[in-house]
Structures are given as structure tokens and as C-alpha cells.
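Good morning, and thank you for joining. Please have the sequence and the model open while I speak.

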Amino acid sequence: MAPSTSSAITLNINGEKHTLPVDHRTTLLDALRERLDLTGTKKGCDQGQCGACTVLLDGRRALSCLQLAVAAEGRAITTIEGVADGDRLHPVQQAFLDLDGYQCGYCTPGQICSAIAVIEEHAAGWPSAVTADVRPEAGVPPLTDEEIRERMSGNLCRCGAYVSIVRAVERAQAAEIENRTEGAAV
């Protein structure tokens, strides 16, 4: 008898558990959109080249079109629907809104999820391909336009809102630093 090609899995999405049967070949993107009606995550190229499907897995960005749903079981999945705090937008969402970091909006959910991770990666001191000094003793480099462009390069915007996206990431990072400073002062 051939082994089954489907399983019931439980996905932890935006802090809520969802149990569903899936074919083992189902991508996380298809499970989110087609099975759970979480349509904020977009299907762009379906080949991992555009970033429209970016979500956060355990706080790190991942292309949900390349991630099998069964492999995401037991991990914390955050989609665009889960980044706001109730009615209060995440600082990255607010910056995108304030600075027109979107045009048609199709890539925006993936851009926002990626930007959230970029800010965290930078704060943790992770270098990028354009980081001039990668020695640990050099400390965290400034998050320059060049750093932001490199770190966000996996997310394409067909409308060309890149200048506004860079400004939005800069503003959100400044807000994050301010929040951390205020939190440390308390």
C-alpha cells in the first residue's frame, strides 16, 4: 500500500492555530490563500523571485511560495494580517501609508513583511552584501539607503515605488529605535 500524500497539519498563523488537511505538496502560500482565506499574502511569480508572498516564519522572512505548508507546522507564521496591533498599524505599515511606499499595492504586503525583518536583522547586527565593515567589533552599521536597497532587493515593485519604500523603511527604523529608547528609559 502506498503511503498517503496528505496529512492534517496545524499552523500557528498570527497567533491563532489552524488545523487543516493538506496535500504534502501544498505550498504555504496556497494554504494561506486558498484554504484559510488569508489573501493579504500575494501570489506574484510563484517562483520565489518577486517577494510578493513574503511572510515571517519565527520572525524571519520567508517566501511562502517556496515553503511547503507541512514544513511550516510548529513555527510561528506572521502574515500581513497579523502585523498590526489591533487597530494600531505596525510602524512599517504606518510609514508606508504616510510616505506612499506603495502604488497599486500588490507588492505592499510582502514589502512590509520584508521591511519588518530587515529592521530586525539590521538591529541584530547582521551584515548585508554592501556592509563595508563586517567585523563584529565594528558594530551595527548605519541603515543607509544603500543598505536598505540591498536588504530589500528580493522584493520587486512593478510600479517603481522604490524611493518611497526606502524612505518608509528609514522612518520605521527611526520609530523602532525611538520605541526601544523609550522602553529602556522606563
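I begin with a definition: helices (H or I, at least four residues) and strands (E, at least two) are DSSP runs, numbered from the N terminus. What we have is a predicted model, in which local features need pLDDT of at least 70 and side-chain atom pairs count only at pLDDT 80 or more, while totals for chains, interfaces and linings use all residues. Residues are numbered from 1 along each chain as its sequence is written, and side-chain values use heavy atoms, with hydrogens and water left out.

Let me start with the overall chain. It has 5 helices and 5 strands, in the order β-β-α-β-β-β-α-α-α-α from the N terminus. The radius of gyration, taken over C-alpha atoms, is 18 Å; the globule rule (2.2 Å times the number of residues to the power 0.38) gives 16 Å for 186 residues, so the chain is as compact as a globular protein of that length. Along its principal axes, the C-alpha trace spans about 60 × 35 × 35 Å. The chain exposes about 9,900 Å², of which carbon and sulfur atoms supply 51%; these areas come from the Shrake-Rupley method with a 1.4 Å probe, and for residues only the protein chains shown count as cover.

Two further terms are needed. Buried means under 20% relative accessible area, exposed over 50%, and partly exposed in between (1.4 Å probe, protein chains only). Of the 186 residues, 40% count as buried. Contact means heavy atoms within 4.5 Å. Among contacts between residues at least 6 apart in sequence, 54% join residues at least 24 apart.

I turn to the sheet. Two strands pair if DSSP finds at least two bridges between them. Five strands form an open sheet in the order S2-S1-S5-S3-S4, with mixed pairing. Why do S2 and strand S4 (60-63) each have one side without a neighbour in the sheet? Both stand at the edges with a single partner strand, so one side of each is left free of a neighbour there. On average, neighbouring strands of the sheet are turned by 40° against each other, direction ignored. Axes here are lines fitted to C-alpha atoms, for helices over the stretch in contact, and angles run from 0 to 180 degrees between N-to-C directions. Helix H3 (residues 108-123) packs on this sheet, touching strand S3 (54-57), S4 and strand S5 (76-78), and its direction makes about 40° with that of S3.

At one edge, strand S1 (residues 6-13) and S2 pair in the antiparallel sense over 8 bridges. The two form a hairpin with 2 residues between them, and Asn14 in the turn has a positive phi of about 55°. His18 lies in S2, which covers residues 16-23, and is the bridge partner of Leu11. Is His18 buried or exposed? At 19% relative accessibility, His18 counts as buried. Beyond residues up to four places away in sequence, His18 touches Ile9, Thr10, Leu11, Ile13 and Leu36.

Helix H1 (residues 28-35) has Leu28, Leu29, Ala31 and Leu32 as its buried residues, and these pack against S1, S3 and S5. Asp37, which follows H1, has a positive phi near 55°.

Now the interior. A nonpolar core is a set of buried Ala, Val, Leu, Ile, Met, Phe, Trp, Tyr and Cys residues joined through side-chain atoms within 4.5 Å. The largest such core has 24 residues, and Val92, Phe96, Ile165 and Val169 have the most contacts inside it. Helix H2 (91-98), H3 and helix H5 (162-185) are the elements that give two or more residues to this core, with H3 supplying the largest share, 7 residues. A second, separate core of 16 residues includes Leu20, Leu36, Val55 and Ala69.

Finally, consider two buried residues that touch each other. Gln111, in H3, has a relative accessible area of 1% and is therefore buried. Leaving aside neighbours within four places in sequence, Gln111 is in contact with Phe96, Met152, Asn155, Leu156, Cys157 and Ile165. Cys157 sits in the loop between helix H4 (145-151) and H5, and is buried, with a relative accessible area of 7%. With the same exclusion of sequence neighbours up to four places away, Cys157 touches Cys107, Gln111, Tyr162 and Ile165. The C-alpha atoms of Cys157 and Tyr102 are separated by 8.2 Å, although these residues are 55 apart along the chain.
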